[in-house]
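Today I am going through the aromatic side chains and the nonpolar interior of this chain. My notes follow the order in which I looked things up.

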Amino acid sequence: WDFADLSQTERYGIGEVFVAPTATVNFIDYLLNGNWVTNTAAIAYANNSAIAGGPNPELRTYLINAQVIPNTPLDRVTWKFGFTSSLDGSVANLGVNGQMVEVDGAIADLNGRILGHPALGKVLVTVNLNQASPERGTVTLQAISGKIHRFAVGGRQYFVDDICMTP
């Protein structure tokens, strides 16, 4: 799923939804310093850039998370990302099955973490970097128990492309 079908003129704020080919995407609050933030400037949209390393367009998030609820629970999810943390002190978020974490350093810091909810499923997070500053690479969520019922990605300057979901 590469966002090619998402209109580049459409803007999504907190509480808005779009239906993708194999999932529903809800735009939800941003976690900052342990607090849920609803910011009127929060926005997500298909951006005509290739910061994540895939072909343009890609999804850009600013002070918002895209929560993806697949039509069928998943064993694995992979996506390309771009994160400009070193440029402006940005914070990114990653959530799986209801557990959300903040990244206030590098996305690579998530490599090897276990996330999720025991009743739904836990995942191993793998981060492979192609470039360190700004960060560019691939994130993989691999179910180690249960399934991936929902996952969320976003942040202040976070770009996503080429999401691959495996049931």
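I started with a charge and a ring: the charged end of R11 sits over the ring of Y45, 4.0 Å from the ring's centre. I am working from a predicted model, not an experimental one.

Next I searched the whole structure for aromatic pairs and got 6. I took F18 and F27 from that search: their ring centres are 5.9 Å apart and the planes stand at 35°, which lies between the 30 and 60 degree limits, so I logged the pair as tilted. F18 and F27 are both buried. I also noted that Y12 joins F18 and F27 in one aromatic cluster.

Then I looked at F81 and Y158. How far apart are the centres, and what is the angle between the planes? I read 6.1 Å centre to centre and 5° between the planes, and entered this pair as stacked. I checked where the two residues lie in the chain: F81 is in strand β8 (residues 76–83) and Y158 is in strand β15 (residues 158–166). The pair therefore links distant parts of the chain, 77 residues apart. Buried or exposed? F81 has a relative accessible area of 0%, so it is buried. Y158 comes out at 3%, which is under 20%, so Y158 is buried too.

Last, I turned to the largest nonpolar core, which has 44 residues. W79, L141, F151 and Y158 have the most contacts inside this core. I listed the neighbours of L141, leaving out residues up to four places away in sequence; among them are W79, L94, V96, I148 and F151. L141 also touches D75 and R76.

Key:
Residues are numbered from 1 along each chain as its sequence is written. This is a predicted model: local features need pLDDT of at least 70, side-chain atom pairs count only at pLDDT 80 or more; totals for chains, interfaces and linings use all residues. Side-chain values use heavy atoms; hydrogens and water are left out. Rings of Phe, Tyr and Trp (its six-membered ring) pair if their centres lie within 6.5 Å; planes under 30 degrees apart count as stacked, over 60 as edge-to-face and the rest as tilted. Buried means under 20% relative accessible area, exposed over 50%, partly exposed in between (1.4 Å probe, protein chains only). Helices (H or I, at least four residues) and strands (E, at least two) are DSSP runs, numbered from the N terminus. A charge sits over a ring if NZ of Lys or CZ of Arg is within 6 Å of the ring centre and within 35 degrees of the ring normal. A nonpolar core is a set of buried Ala, Val, Leu, Ile, Met, Phe, Trp, Tyr and Cys residues joined through side-chain atoms within 4.5 Å. Contact means heavy atoms within 4.5 Å.
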